[in-house]
Amino acid sequence: MDKLLDDSGRLLVLGNEAIVRGCIEAGVAFASTYPGTPSSEIGNTLQKIGHEAGVYFEFSTNEKVAVEAASAAAASGVRAFTFMKHVGINVAADPIMTLAYSGVDGGMVILTADDPSAHSSQNEQDNRYYALLSLLPMFEPSTPAEAKEMVKEAFRVSEELKSPVFFRTTTRINHARGVIELSPPEKEPAKGRFEKDACRFVNIPAFARMNRIKLLERNEAARRISENSKYNTVEGEGQVGVITSSVAYTYAKEWMEDVSILKLGMTNPLPEDMIADFIRDKDMVVVVEELEPFLEDQVLRIARQNGIGTPVFGKRTGHMPRAFEYDPDVISSIGIVPVRAGKEPLKPPAMALPSRPPMLCAGCPHRATFYALKKAVGKKDAVYSTDIGCYTLGIQPPFETADFLLCMGGSVGAAGGFSAVTDQKVVAIIGDSTFFHTGVPPLMNATFNGHSFVLVIVDNRATAMTGHQPHPGTGRSYGGRETEALPIEPLVRACGVDYVRTIDPVDVKGTNKAFKEALEHEGVAVIVSQAPCPLELKKRRALVISTYTVDQEKCVKCHHCVEALACTAFYRVGEEVRIDPDLCIGCGVCAEVCPRGAMGVVE
Amino acid sequence: MRYCIQIAGVGGQGVLLASNVLGHAAMASGYSLAMSEVHGMAQRGGSVLSTLRFGDEALSPLEAAGQADLLLGFEPVETYRMLHLANEDTHIVMNLQPTVPVKVSMGAEEYPPIDDLVSNIRSVTDRLTTLNATELAIKAGKAVAANAALIGAVAGVKDLPIDRSLLEETLLEMVPARFKEINAKAFQLGYETVRQ
């Protein structure tokens, strides 16, 4: 049995694992997600232990579906947990805004994993505003240990108010590691039953107007809870007040000296009376929060309404940065608050260091796809409309197959736009999981509106970037349920596309030919480039590894392989190209691209 | 008491395993503990950093620049990139085995000579210990035990507030049973390199 399922003891765990344990202790019966960093390990952990803990868990096809399904579970009286990365909330915003009107019966917690500094994201949007927008309560933990306890509190508050509750983490909570104390579950997952109540659950205009009033009442009740919440506390004494939340609290707590800290764990609605009392007699107040001045603007408003003149410093006064995540160095450089002194950092001589951006792995089938694609496009004026996944790494040389990127599924929709207004060749690139997520509606749009482009579905049989989670196309059973692979080709045809070819990218010549033909096609041409992710095979111990080597006698040192294929397993010693046997997985693509046939399998 | 270990390396090298071993050993030593790791996109062969803070009270998963007590470098260039995390009292343990970035293989960028990296570090601190973890691991029986050699090297660092045998036990609990012996040997070789 996994240690996370024990009912006592201390464990060193990832923030995401602490959150799963919090759900188990809260008696969550239903959980859903679409994988997205930094929230992915929550799903991976639930996939592993959810079934045993009695939690129904699903990888939904996208975040909107995940929230809709969780809403129904919570409306049926069970505790439901749905979680996603920050941009996933954009996809799910539609059901969330109306669910706020309906409310729930069983507790429902919606986790948003924000990513300040955009470590693994396309933007660093601050999802605290979703709580203001939807009038839903919000909790924000500062450490993994606190996250575990706070999940349970979020469910209690959700049930008390009969309202879904946001739970906001950031990368430094999800991917922090800390010690948690296990305690037995408060309740066990149970079967639900949906009690009909059209006035609540069917928001036709007449009912929506009634529910709007109830939502405002719930929001006021939530404020009263916030005023007395054990997660909104004052620590320390001093004439300088610090108002903070989330991981920024840990930096303030450990580095600032002689300050009184108002730590906010329930950040929507804010405890307005508590804040007014806190700032009233202070000499000054500093608001320490990452990203937008969410707390700061509300503190300024509360001060004004209460006739309090205490100066408030933060982003609006230029003392705190608005971009990127905070760290102890940000706290140390504020300049207006005394901080713990540290030692002088080393200042080594400046050296030109090679960059090390994330790259496609050795043996990645996307590399072979891009090689053949680039060759087929040749000197044609082409626009590459790409999507969210490992293949976004095609932005790196030598491929540079990423000219435009917005969001999940965006490649296909954008390709339609390029096709409508330019004479350029348009190539859209999307992964298998992303295609199922939100790639299908824009494909129907393309055939409906007569667009012309090549869509490459790089089908590596997994949601690879986030940790190889299954999706409708994988046919991989998980969590105690059997699934059957949904084939992509018939789905593409059903969208009105006549031109579909499935190819194996490891066959470089065949792939190149398929792309050449597709580029000549008028209308939408779809190439499904299908080869499993070797990392996923490795995980399942299904990867048969052979190793290639370069015959230096045959090699003419043309360097076509390193320059045009650029596999991470290549390295150079002088003019010689060699293959790192620890990295090579034996895909054999290099042997296909070598003009002299110098690459061969090590016997 | 407060102690901070920064671990710099390349995604896929085993930085996560090393920080996990050190973290469990710190927990078993009875310390309060906070760690941060890099997951996701940055793991695909990019630069990674793990931070480990422990002592009487550790809440923050990140440390300020210059405040590391120990900088463990899995790779020479990555160690150099993270030198600002160290001060002149920081122990620096550096693996000399380079992982060459693709852009270098493609001829677009250059990897600096290892000797230059070492001498430039020595020009600002006298607390650098170098080892070739891969060679030590091969000597122990298998290249994959390079990780164990580096953790052994950490165990050899003066004033490390974690017991050597506890660290070794924690490591051996976390590696596959069939590699225990090789890992124990690599740990010992790493330990000896630093102790000399």
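This is a short conversation about reading the domains, chains and interfaces of a predicted model.

Student: Where should I start with chain A, and into which domains is it divided?

Tutor: Start with the broad divisions of the chain. Chain A has domain 1 (3-228), domain 2 (232-332), domain 3 (365-536) and domain 4 (548-601). In secondary structure, chain A holds 21 helices and 23 strands.

Student: How do I read the radius of gyration of chain A against the globule rule?

Tutor: The idea is to set the value beside what the rule gives for a chain of that length. For chain A the radius of gyration is 27 Å, close to the 25 Å that the globule rule gives for 603 residues, so chain A is as compact as a globular protein of that length. Along the principal axes, its C-alpha trace spans about 80 × 65 × 55 Å.

Student: And what does chain B look like in helices and strands?

Tutor: Chain B has eight helices and six strands. Following the sequence, their order is β-α-β-β-β-α-β-α-α-β-α-α-α-α. The radius of gyration of chain B is 16 Å, close to the 16 Å from the globule rule for 196 residues, so chain B too is as compact as a globular protein of its length. Its C-alpha atoms fill a box of roughly 50 × 40 × 35 Å along the principal axes.

Student: Now the interfaces. How many residues of domain 1 of chain A are in contact with domain 2 of chain A?

Tutor: Contact means heavy atoms within 4.5 Å. Here 30 residues of domain 1 of chain A are in contact with 31 residues of domain 2 of chain A. The centres of these two domains, taken over C-alpha atoms, are 26 Å apart. Together they bury about 2500 Å², with 52% of that on carbon and sulfur atoms. On the domain 1 side, Arg128(A), Ser226(A) and Glu227(A) supply 24% of the area buried against domain 2, more than any other three residues.

Student: Which polar features cross that interface, and how many salt bridges are there?

Tutor: The rule finds four salt bridges between domain 1 and domain 2 of chain A. It also finds 20 residue pairs in polar contact there, both at pLDDT 80 or more. Several elements give two or more residues to the domain 1 side, including helix 5 (128-134), helix 6 (144-161) and strand 7 (165-170) of chain A. The largest share, six residues, comes from helix 9 of chain A. By class, the residues on this side of domain 1 are 13 nonpolar, eight polar and nine charged.

Student: Can you show me a salt bridge by name?

Tutor: Happily! Look for Arg172(A) and Glu325(A), whose side chains meet in a salt bridge at 2.9 Å, N to O.

Student: What about chain A and chain B: how much area is buried between them?

Tutor: About 5200 Å² is buried between the two chains, and carbon and sulfur atoms give 61% of it. In this interface, 61 residues of chain A are in contact with 62 residues of chain B.

Student: And how many salt bridges are counted between chain A and chain B?

Tutor: The count is six salt bridges. You can find Glu37(B) with Arg177(A), where the closest N and O atoms are 2.4 Å apart. Among the elements of chain A that each supply at least two residues to the side touching chain B are strand 1 (10-14), strand 8 (176-181) and helix 20 (560-565). Helix 10 of chain A gives the largest share, six residues. That side of chain A has 34 nonpolar, eleven polar and 16 charged residues.

Conventions
Residues are numbered from 1 along each chain as its sequence is written. Chains are lettered from A and ligands numbered from 1 in the order in which they are written. This is a predicted model: local features need pLDDT of at least 70, side-chain atom pairs count only at pLDDT 80 or more; totals for chains, interfaces and linings use all residues. Side-chain values use heavy atoms; hydrogens and water are left out. Domain bounds come from an automatic or database domain assignment. Buried area is the accessible area (1.4 Å probe) that two parts lose on being put together, summed over both. A polar contact is a pair of N or O atoms within 3.5 Å; within protein, one must be able to donate a hydrogen and the other to accept it, and residues adjacent in sequence count only if both atoms are side-chain atoms. Helices (H or I, at least four residues) and strands (E, at least two) are DSSP runs, numbered from the N terminus. Ala, Val, Leu, Ile, Met, Phe, Trp, Tyr, Cys and Pro count as nonpolar, Asp, Glu, Lys and Arg as charged, and the others, Gly among them, as polar. The radius of gyration is taken over C-alpha atoms; the globule rule is 2.2 Å times the number of residues to the power 0.38.
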